[in-house]
Amino acid sequence: MINISASERNRHEYYMRMALSLARRGIGRVSPNPRVGCVIVDYASPDGHVVSRGYHKQYGGPHAEAAALADAGRSVCGCTAYVTLEPCCHTGHTPPCCDALIKAGITRVVAGMADPDPRVSGGGVRALESSGAEVICGVLEDECRRINRGFIKRVNDGRPWVTIKSALSTDGRVALPNGESQWITGVAARRKAHMLRAENDVVMVGIGTVLKDDPKLNVRDTDGKSPMKAIVDRDLASPDGAAALMDGERLIFTGRPARQKRAAQLRNAGIKIVELETGEDGHISPSAILNELGAMGMNYLMIEGGAGLVGSFLKSGNVDELSLFIAPKLMGRGMTMTSGLSFSLMDEVVEIKDLDIRRVGEDVWLRGTPSCSRAL
């Protein structure tokens, strides 16, 4: 960011926080696009005046800048636009946002971060500057990157941001020896878990979890949109009556060659079947799954079990975040969150970095980055 005074920086950060708050309203609704908010300010009035606000509400709809311009209801010539991401300069479902800002007479644009999309990648800034507008980029950049970490991950690496979510007891159990696990955590933690589902484009489990727990994998007790439901099912063993396959967008990753008759039955039920090669261990590669999801435009994936799937993703280094709800309970013997992970030295174990620990009801919510992540 260019050198500016402390007072001007504080002012820019104030309005950028407002734009970030708007951008968060698009969570769960805009992928493969980024989450973007925009605030237009008239500095000709005393102490500045917010003329309008806008955010990207859903994929295919107006971008944040266009929404803010439409919300103004008056001329914004000479005003400043605060936007969490560099305005786009290409035509997709909507016209270029930088052109709309220029046409409206915006004379200064304060952007939270540059757009990593190669179709933009500085082009929006150059177009605005060529029109004579002042551009300041990098205000609250860390916060702006955080809210679009999945979009950035997909654009740069071709795969979504991966979160592993689990509920476990204080002694690390996710189920009793007989498989019973309802409920380890309390109502508040379970409601928060549904809110997290709504923030993701895809929620995924392994076939073992489907056969044992029959999860619905949808969003309940909150207003959020249910994500696509994905099952890693090498042998297409998912039963017709599985709750996860009853409605919504459904996807099964299976081995190649698949059982063609069963695959056809599932496809006829509206379920997308993706055949992938299996490795020497007989399992489908996490990287292959992520590449497929990235090609579909998915920015955020949340894995909710089982232990084998979680372990394979951790071993592959393809986990960006852990989101663990820990209950104040001791369950003794039982099932753990991972399987297939084995270490001989403490120096080899997975550590959780960048910890964020909060209380949710009677439970503890722990978030962080696993040390095996390639993001570190």
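Here are a few notes on the sheet and some of the helices in this predicted model.

1. Start with the sheet. Nine strands make it up, and it is open, with mixed pairing. Reading across, the order is β11-β10-β9-β8-β12-β6-β13-β16-β15. At the edges you'll find β11 (272–276) and β15 (352–360), each of which pairs on one side only. From one strand to the next, the twist averages 20°.

2. Now zoom in on one pair of strands. β6 (residues 161–169) and β13 (residues 321–327) run in the parallel sense, with seven bridges between them. If you want a spot to look at, take K165: its bridge partner in β13 is S323.

3. Next, what lies on the sheet? Helix α7 (residues 187–198) lies across β6, β8 (202–206), β12 (300–303), β13, β15 and β16 (363–370). Relative to β13, α7 runs at about 165°. Helix α11 packs on the sheet too, touching β6, β8, β9 (228–232), β12, β13 and β16. The direction of α11 makes about 110° with that of β8.

4. Staying with α11 (residues 307–316), how does it sit against α10 (residues 286–295)? The two axes come within 9 Å and cross at roughly 90°, so α10 and α11 are roughly perpendicular to each other.

5. Which residues make that helix contact? On the α10 side they are P286, I289 and L290, and on the α11 side S312, F313 and S316. Sorted by class, the contact has four nonpolar and two polar residues, with no charged ones.

Terms used:
Residues numbered from 1 in each chain as written. Predicted model: local features only at pLDDT ≥ 70, side-chain atom pairs only at ≥ 80, totals over all residues. Heavy atoms only, no water. Axes fitted to C-alpha atoms, helices over the stretch in contact; angles between N-to-C directions. Helix = DSSP H or I, 4+ residues; strand = E, 2+ residues; numbered from the N terminus. Parallel < 35°, antiparallel > 145°, perpendicular 65-115°, else oblique. Contact = heavy atoms within 4.5 Å. Nonpolar A, V, L, I, M, F, W, Y, C, P; charged D, E, K, R; others polar. Pairing = 2+ DSSP bridges.
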